[in-house]
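User: I would like a close look at the salt bridges in this model. Please go through them in plain terms and place them in their surroundings.

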Amino acid sequence: MTGTSVDNARPVVSANRNRLLGWFADRRISTKILASVGIVAVMGAGVSTVALSRLSGLNDDLKSMKQVNVHRVLHLTELRGQMANMYDATTGFVAIPDPATKAKAMDLMKEYTANVDEAFADYKKDAPASAAWQKTLTGYEEAWERYQTLRNVAFMGEKPPAGFAMPTDSAQVVTEFVAASTQMNTAMEELAEFEEADAEAVTAAAEDGYGSARTLILALLAGGLLLALGLALVVSRLIVRPLGAVSRVLDAVARGDLTERAEVSSRDEVGEMAVAVNQAGDSLRQTIEELATSADTLAASSTELSGVSDRIAASADEASTQAGNVAAAAGQVSHNVQTVSAGTEEMGASIREIAHNANEGATVASQAVTVATSTNETVAKLGASSAEIGSVIKTITSIAEQTNLLALNATIEAARAGDAGKG
């Protein structure tokens, strides 16, 4: 059951990751770079914040150590120093016989005693609420109180307070003095040990805090570096892989292969470049196909034009032959025209001669009516012959015009046929 749910969850996670990568791949290249830098910057800010927070904690620990441990140690040191001064003043007060010097020693002893009370009050104010600590402080207070009472009664001649049993034997007084002093010294030694132990504990805690902070910061730095490296790889792959596809297509186009296509699914600048490259390839391929089709059509047209040229050449040869025939016919017609012209001249001479004869005949018309009638009939026949001659001349003229037109048409066809036709 659990394994099935995990297997079902994996495709969902993979699909979500693919959708996220797809969404990120569609962003502009500047957006990808800025997003990567922003994430790295956020990671750096987070690491810096954690580092500053832990450093602030360490600084607080150091301040606490300074304000608590160091101050207490200073108060304890001051207490012990004032205690030593008081011991010296007490010794001088007991040992010096001179009353004036003894009085000064007493004043110093009282002053140092007040200083001891002040130093102990300052120390007690900062002392922790530990049971062992408070027990030691109570033991010190009891010993200090007993020591002052013994000293004041034994050396300064004061009355003992109510309820205090003053020993009558001097040896017993000395013994109690020593016991009170020993108890005070022991309490201060214990307090010093407590301070040392507490300082070591604070130092150990600070070292542990430093170690954990260092480990955390190093872990965050490592995680940030890994994340930055992962983002760099993802962004570079999202940019370089589509560029590689476009580069392969352009290399194929450079080799003359227009069938390659850039399979880029992103909608960033590289995707737009891939679409433009694919469209350019399609346009080039379509243009080349149209050029190939046009070349085939041109080849077919060239073949047809060659056939037309051959037919024109044949037509030109035929026209040239016909032109030769027309020229021969024109020559024959010209000869006939010359012949007719010669006949016409002869006919004109005959007509002139006939007119002359007619004039002569008119002169002798009266002489022969029969000859006149015959002459009139002859003249009528000559008129008909003249009319026929005129018709023949018109026919010859029409034939000459048609011959000239055929020669002109043959010349035009020969000019159209070109050099071959002219030949």
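**Salt bridges and the helices they join**

Analyst: Glutamine 148 is a useful starting point, as this residue belongs to helix H4, which covers residues 131–154. The model is predicted. Glutamine 148 has a relative accessibility of 13% and therefore counts as buried, since the cut-off for buried is under 20%. Leaving aside residues up to four places away in sequence, glutamine 148 touches Thr113 and Asp117.

Thr113 is among the buried residues of H3, a list that also includes Ala105, Met109, Val116 and Phe120. Helix H3 takes in residues 99–126, 28 residues in number. At 1.5 Å a residue, these should span 40 Å, and the end C-alpha atoms are 41 Å apart, which agrees.

Now to the salt bridges. Searching the whole structure gives five of them. One of these also involves helix H4: the side chains of arginine 146 and glutamate 176 meet with N and O 2.3 Å apart. Arginine 146 is in helix H4 and glutamate 176 is in helix H5, so this pair ties together parts 30 residues apart in sequence. The partners differ in their cover: arginine 146 is partly exposed at 33% relative accessibility, whereas glutamate 176 is buried at 14%.

Another group is centred on arginine 72. Salt bridges with shared partners join Arg72, Glu195 and Asp198 into one network. In the bridge between arginine 72 and glutamate 195, the closest N and O atoms are 2.6 Å apart. This pair links distant parts of the chain, with arginine 72 in helix H2 (residues 29–95) and glutamate 195 in helix H5, 123 residues apart. Both partners are buried: arginine 72 has a relative accessible area of 2%, and glutamate 195 has 3%.

Arginine 72 also forms a salt bridge with aspartate 198, at 3.2 Å from N to O. Aspartate 198 lies in helix H5 and arginine 72 in helix H2, so here the parts tied together are 126 residues apart in sequence. Aspartate 198 is partly exposed, with a relative accessible area of 25%.

Helix H5 runs over residues 170–254 and also contains valine 253. Valine 253 is partly exposed, at 30% relative accessibility. Together with Leu284 and Ile288, Val253 forms a nonpolar patch on the surface, and the three have about 230 Å² of accessible area together.

Notes:
Residues are numbered from 1 along each chain as its sequence is written. This is a predicted model: local features need pLDDT of at least 70, side-chain atom pairs count only at pLDDT 80 or more; totals for chains, interfaces and linings use all residues. Side-chain values use heavy atoms; hydrogens and water are left out. Patches are made of residues with over 30% relative accessible area and no salt bridge: like charges are joined within 9 Å, nonpolar side chains (Val, Leu, Ile, Met, Phe, Trp, Tyr) within 5 Å. Accessible areas come from the Shrake-Rupley method with a 1.4 Å probe; for residues, only the protein chains shown count as cover. A salt bridge is a side-chain nitrogen of Lys or Arg within 4 Å of a carboxyl oxygen of Asp or Glu. Helices (H or I, at least four residues) and strands (E, at least two) are DSSP runs, numbered from the N terminus. Buried means under 20% relative accessible area, exposed over 50%, partly exposed in between (1.4 Å probe, protein chains only). Contact means heavy atoms within 4.5 Å. The expected span of a helix is 1.5 Å times one less than its number of residues.
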